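Welcome, and please open your viewer. We will go from stop to stop, selecting a few residues each time and looking at what is there.

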Amino acid sequence: MLKLYGGAFSRASIVQWYLEELQVPYEFILLDMKAGEHRQPEYLEINPIGKVPAIMDGDLKLWESGAILLYIAEKYGKNPISLEERAIFSQWVLFGNSTLATGIFVEANREREMPRLLTTLNEIFARQPFLLGDEFTVADVAVGSILAYIPIMLKLDLSEYPAVVNYIQKISERPAFKNSIGKR
């Protein structure tokens with residue numbers, strides 16, 4: 001069974017959300033970050049950087065939430081994906097973890113980056129229900145999780161982006177979201 005390692009308030013909840021969406025059986029191993037369990041030799045064997053999340057799936061040890069999401073999409077996703085679809089998923093997962101996260105959560109970047117990023121996403125969500133069209137995908141987990149953290153952690157005014165607000169509401173109502181990020 002796949003093992004997911006994470007802390008109480010960590011990006012492991014993003015991976016957990018996707019596992020719940022796909023109904024993949026997994027064991028969640030909660031590490032006590034304050035006690036330094038993520039710095040112990042047993043865990044450093046899984047992730048030598050000592051960060052969470054990480055997974056073990058059979059003999060595979062994998063860390064970095066984006067890499068884990070892409071692996072889960074390919075291994076456990078409902079439909080086989082083409083090279084082109086994999087590239088598009090990778091583009092959006094990397095965008096969520098890098099460009100969007102730093103544009104929103106790094107305060108020094110927020111004033112400059114947030115309007116540009118959220119305006120573009122607002123235009124996308126005004127045309128279609130999910131990032132890539134009518135179907136919820138791994139791209140929605142990566143990007144949606146960052147967007148969903150805005151009202152949870154930052155309490156920023158998103159009224160200029162009504163389609164983004166509607167999207168956050170829609171994904172927040174998904175049962176898998178409620179069983180993972182929504183429990184925070």
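Start with the hairpin formed by β3 and β4, which has 2 residues between its strands. Select Gly-58 in the turn: this residue has a positive phi of about 65°. Keep in mind throughout the tour that you are looking at a predicted model.

Now colour the two strands themselves, residues 54-57 for β3 and residues 60-63 for β4. They run antiparallel and are joined by 4 bridges. Pick out two of the facing pairs. Ala-54 stands opposite Trp-63 in β4, and Ile-55 has Leu-62 of β4 as its bridge partner.

Stay with β3 and add residues 2-6, which make up strand β1. How many bridges join β1 to β3? There are 3, and this pair of strands also runs antiparallel. Select Tyr-5 and you will find Ala-54 of β3 opposite. Ala-54 is thus a handy residue to keep highlighted, since Trp-63 in β4 also stands opposite Ala-54.

Next, leave the strands and move to the helices. Select residues 12-22, helix α1, together with residues 138-154, helix α6. Their axes lie 10 Å apart, and the helices pack at an angle of about 135°. α1 and α6 are therefore oblique to each other, and their crossing is right-handed.

Which residues of α1 meet α6? Show the side chains of Ser-13, Ile-14, Trp-17 and Tyr-18. On the α6 side, the residues to show are Val-138, Asp-140, Val-141, Gly-144, Ser-145 and Tyr-149. Sorted by class, this contact has 6 nonpolar, 3 polar and 1 charged residues.

Keep α6 on screen and add residues 162-172, helix α7. Here the packing angle is about 105°, and the axes are 9 Å apart. That angle makes α6 roughly perpendicular to α7.

For the contact itself, select Asp-140, Gly-144, Leu-147, Ala-148 and Pro-151 in α6. In α7 they meet Val-164, Tyr-167, Ile-168 and Ile-171. By class, there are 7 nonpolar, 1 polar and 1 charged residues in the contact of α6 with α7.

For a last stop, select Asp-140 and Gly-144 in α6. Both are among the residues that meet α1, and both are also among those that meet α7.

Note on methods. Residues are numbered from 1 along each chain as its sequence is written. This is a predicted model: local features need pLDDT of at least 70, side-chain atom pairs count only at pLDDT 80 or more; totals for chains, interfaces and linings use all residues. Side-chain values use heavy atoms; hydrogens and water are left out. Axes are lines fitted to C-alpha atoms, for helices over the stretch in contact, and angles run from 0 to 180 degrees between N-to-C directions. Angles under 35 degrees count as roughly parallel, over 145 as roughly antiparallel, 65 to 115 as roughly perpendicular and the rest as oblique. A crossing is left-handed if the near helix is turned anticlockwise from the far one by less than a right angle, and right-handed if clockwise. Contact means heavy atoms within 4.5 Å. Ala, Val, Leu, Ile, Met, Phe, Trp, Tyr, Cys and Pro count as nonpolar, Asp, Glu, Lys and Arg as charged, and the others, Gly among them, as polar. Two strands pair if DSSP finds at least two bridges between them.
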